[in-house]
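The following exercises concern one protein chain. Please examine the sequence and the structure before working through the solutions.

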Amino acid sequence: LRQSNVREYLAQFGLEALDDATWCAQHLVRVKARRQPLLEVAVVGSAEAEGRTWYALQCAFWRPSVDVRRAEWKCHRRLGQLRKDLHDPVKEAFGSEPYARHFGSAPFASSWKLAAAEGRLRGWFQALARCINFAD
């Protein structure tokens with residue numbers, strides 16, 4: 001997702017941003033009132049396929065203040081894909097100090113510690129969802 005498209009992309013989910021790094025005031029008011037759409041991402045397992053480890057992500061997006069319907073989907077990604085396409089851009093957008101504040105207790109998975117990768121990914125995605133859901 002290119003930075004120029006972030007605002008439009010988020011708007012389709014009811015998330016209002018001024019730009020790729022700033023929530024708009026209306027969104028922050030909804031966050032404080034706990035009426036904002038919520039994102040859930042859970043790492044629900046991993047499997048080996050074609051000699052590679054694939055992590056299963058169960059995702060949901062819903063608006064608890066509007067109705068009980070949820071948009072749910074499941075996807076499978078490799079650790080390298082998650083790092084390159086999600087972790088690295090998030091870390092760069094936050095900057096080193098804010099990133100450490102939000103993700104310091106939930107380090108991203110290391111490719112050299114695959115046995116612990118699934119648990120680390122769970123923690124990292126929980127931290128990411130908190131940042132998004134509560135506009136931290």
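Two strands pair if DSSP finds at least two bridges between them; helices (H or I, at least four residues) and strands (E, at least two) are DSSP runs, numbered from the N terminus. This is a predicted model, in which local features need pLDDT of at least 70, side-chain atom pairs count only at pLDDT 80 or more, and totals for chains, interfaces and linings use all residues. Residues are numbered from 1 along each chain as its sequence is written, and side-chain values use heavy atoms, with hydrogens and water left out.

**Exercise 1.** Describe how strands E3 and E4 are arranged.

Solution. Step one: E3 (residues 38-49) pairs with E4 in the antiparallel sense, over eleven bridges. Step two: the two strands form a hairpin with two residues between them, and Glu50 in the turn has a positive phi of about 55 degrees. Step three: opposite Leu57 in E4 stands Val43.

**Exercise 2.** Determine which residues Leu57 touches beyond four places in sequence.

Solution. With contact meaning heavy atoms within 4.5 Å, the partners of Leu57 include Ala42, Val43, Trp73 and Phe125.

**Exercise 3.** Locate Arg63 and state its surroundings.

Solution. Step one: Arg63 lies in the loop between strand E4 (52-62) and strand E5 (70-77). Step two: Arg63 counts as partly exposed because its relative accessibility is 30% (buried is under 20% relative accessible area, exposed over 50%, partly exposed in between, with a 1.4 Å probe and protein chains only). Step three: leaving aside neighbours within four places in sequence, Arg63 contacts Gly14, Arg30, Arg35 and Pro37. Step four: Arg63 and Arg35 are 28 residues apart in sequence and 7.1 Å apart in space, C-alpha to C-alpha.
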